[in-house]
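Dear colleague,

I am handing over the structure below, and after it I set out what was found in it. Please read the notes with the model open beside them.

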Amino acid sequence: MPLLISDPGQGCRLSLKVRASAPRSQITGEWNGRLKISIAAPAEKGRANREIIDFLADIFRLPKRSVTIVLGELSDKKDVLVADVRADDVRIVLEKYITT
């Protein structure tokens, strides 16, 4: 199943499946159309969410303010808006991390 990446006009929206408290933060593949990522921070007091924002901002070489969790703040399934980037550009970056 292809990744769920949409371009709502304000940037690019990514659907994520997140595993918190992992040994390190990394992209681990895809799951049911979602980008599967592991985050080193625990899922408590918003720490994992902050790490997701930091991690994705670093991957896309954007400021942290360009990455926003728009759905699923308390869930392992999240939607993230990456501002100022097109869906095609996101796919190009993610190809480095995902092999199908």
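In α1, the buried residues (under 20% relative accessible area with a 1.4 Å probe, protein chains only; exposed means over 50%, partly exposed in between) are Ala48, Asn49, Ile52, Phe55, Leu56, Ala57, Ile59 and Phe60. Helices (H or I, at least four residues) and strands (E, at least two) are DSSP runs, numbered from the N terminus. This is a predicted model, in which local features need pLDDT of at least 70 and side-chain atom pairs count only at pLDDT 80 or more, while totals for chains, interfaces and linings use all residues. Residues are numbered from 1 along each chain as its sequence is written, and side-chain values use heavy atoms, with hydrogens and water left out.

The buried residues of α1 pack against β2, β3 (26–31), β4, β5, β6 and α2, where contact means heavy atoms within 4.5 Å. The 14 residues of α1 should span 20 Å at 1.5 Å a residue (the expected span being 1.5 Å times one less than the number of residues), which agrees with its end C-alpha atoms, 20 Å apart. Just after α1, Arg61 has a positive phi of about 55 degrees.

The largest nonpolar core (buried Ala, Val, Leu, Ile, Met, Phe, Trp, Tyr and Cys residues joined through side-chain atoms within 4.5 Å) has 27 residues, of which Leu16, Ile37 and Phe60 touch the most other members. To this core α1 gives the most, with seven residues. Not counting residues up to four places away in sequence, Ile37 touches Leu16, Lys17, Val18, Arg19, Gln26, Ile27, Thr28, Ile52 and Phe55.

With best regards
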